[in-house]
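Got your viewer open and a selection box ready? Here is a short walk through the model, one selection at a time.

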Amino acid sequence: MALATTSLLRRGSELSDTQHQRAMLQVHPAVATLPSFDGQLKQSGVGELRPLTPIVLQINLGKMCNQACKHCHVDAGPDRTEIMSRETMQKCLDALDASSITTVDLTGGAPEMNPEFRWFVEQLHSRGLTIMVRCNLTIIVANPKYHDLPDFYAKHGVHVVSSLPFYDATYTDRQRGGGVFHDSIKALRMLNNVGYGHENTGRIIDLVYNPLGALLPGPQASLEKEFKRNLLDKHGVVFNSLHCITNMPISRFLEFLVNSGNYERYMHTLVDAFNADAARGVMCRTTISVGYDGRLYDCDFNQMLDMPVASASDHVSRFSMSELASRLIATDRHCFGCTAGSGSSCGGQLA
Amino acid sequence: MSTYYDPADLSKFGNISAFQPELAGKFFEWYGAVFAEGALTQREKSLIALAVAHAVQCPYCIDAYTTDSLQKGATEQMMMEAVHVAAAIRGGASLVHGVQMMNKVNEVSM
């Protein structure tokens, strides 16, 4: 499988420095005339971004991945070695035991590459928690040791969420690497074979669409219809729902925007499409994000920009629902990605 | 005015309401309704708009509906086929008048 790119870190890109990325969002000439995100919230009457009761603990099990997608906001790839230890996972379990959070969303990298992944899922399952795994599909066919993942997911009631930017090889491979579409279809068939994607099995596989360039995603319902029709007709594959996610102007997608001369236009597009209803429903209000090292963030994007929660409870070993409840959510201009048009979250469009 | 067309003018389309708000309001409301999902999907409508944009050779419309078609999940192949449809109708419209020419030739010729 040919990689779409390599990590910014490996290439020694200045964008691998999160301070440089923050400066791009704050003081770059392309964004000079744009309002700040907090300013926009105030002006639109949404006000300060305060958390609601958290429902989801999103845990990043590491930056290691078998793929290296061009738009990756994690800067993940085969060369990244940062992964969560069992000790930190145990602290996540302790935090969950002491909280009312009902859903755990496991992400990466490819979370399955963490050697403690299965142990962790078993622990979560034994607690009766709803488990989501952000599976890149190709990992299932990448190595024989992963071929039984569909059975493992089924056994532990895992809700699988997988990226597939298009129902066609050309576009998918352009973003995710050569051969990714072929392998993804193979993996989807394996998931379908154990009941995933079929009605009334209770086994859910949702797909995630993100635009293949400096564009906002189109309407989710209409894209879902096209995906379902094409994947069934051409590949005999079924899935449950399509989530449309906007590409955030950070990390490798930011690199694409700058290198292709689209940065200024894209940022203006996001700001012009600001939707107050989407802003009120942003996922950071009901999610706590945990980094591979146990640090706490308002969302996975803040995590990748090294913007920790503004709270004394800033590490999973100091997890405190009451401390976190009084925090103000940390924002920067990348947040316009979640509030543009119909909005965007890890669960798709918001408004 | 240094050029007739400026890409930045596309996003100012709504400003036409400054000189005549009532008619502009009616136009934009109708425009929105036209492009809503109906018997035709939003993607089909976007591709029709892209084809028409090429027929009327409006650079603003080409810019807008290239972006819109991509956002609606159209492929490059679909979009180029839409442009060919526009070109075929334009070419055909010229050629079918060849019959008129032939009619006239037949009328005046011995």
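Start by selecting strands β3 (residues 130–134) and β4 (residues 159–163) of chain A: they run parallel and are joined by three bridges. This is a predicted model, by the way, so read everything here in that light. To find one of the pairings, pick Met132(A), whose bridge partner in β4(A) is His159(A).

Keep β4(A) selected and add β5 (residues 205–209) of chain A. These two strands also run parallel, with four bridges between them. Zoom to Ser162(A) and you'll see Leu207(A) of β5(A) standing opposite. Is β4(A) mostly covered or mostly open? Mostly covered: four of its five residues are buried. While you have sticks on, remember that side chains in a regular strand alternate between the two faces of the sheet.

Next, the core. Select Leu57(A), Cys92(A) and Val160(A), the residues with the most contacts inside the largest nonpolar core, which has 102 residues. Colour helix α9 (residues 180–193) of chain A as well, since that helix gives the most to this core, six residues. Now centre on Cys92(A). Ignoring neighbours within four places in sequence, what is Cys92(A) in contact with? You should find Leu57(A), Ile59(A), Val290(A) and Val316(A). Apart from the 102-residue core lies another, of eight residues, including Leu47(B), Ala53(B), Tyr65(B) and Ala82(B).

Before leaving chain A, jump to helix α11 (residues 251–259). Seven of its nine residues are buried, so the helix is largely enclosed by the rest of the structure. The buried ones run from Ser251(A), Arg252(A) and Phe253(A) through Leu254(A) and Glu255(A) to Phe256(A) and Leu257(A). Want to see what covers them? Show α1 (8–11), α2 (18–26), α12 (263–272) and α14 (300–304) of chain A, which are among the covering elements. After α11(A) comes Gly261(A), with a positive phi near 75°.

Now over to chain B. Colour by domain: the assignment gives domain 1 as 10–39 and domain 2 as 41–110. Taken over C-alpha atoms, the centres of these two domains of chain B are 23 Å apart.

Last stop, the interface. Ten residues of chain B are in contact with ten of chain A. On the chain B side, α2 (42–55) and α3 (59–71) each supply at least two residues, and α3(B) has the largest share, with three. Colour that side by class and you get one nonpolar, six polar and three charged residues.

Terms used:
Residues numbered from 1 in each chain as written. Chains lettered and ligands numbered in written order. Predicted model: local features only at pLDDT ≥ 70, side-chain atom pairs only at ≥ 80, totals over all residues. Buried ≥ 20, exposed ≤ 12 C-beta atoms within 10 Å, placed from the backbone. Contact = placed C-beta atoms within 7 Å. Core = buried A, V, L, I, M, F, W, Y, C linked by C-beta atoms within 7 Å. Domains from an automatic or database assignment. Pairing = 2+ DSSP bridges. Nonpolar A, V, L, I, M, F, W, Y, C, P; charged D, E, K, R; others polar.
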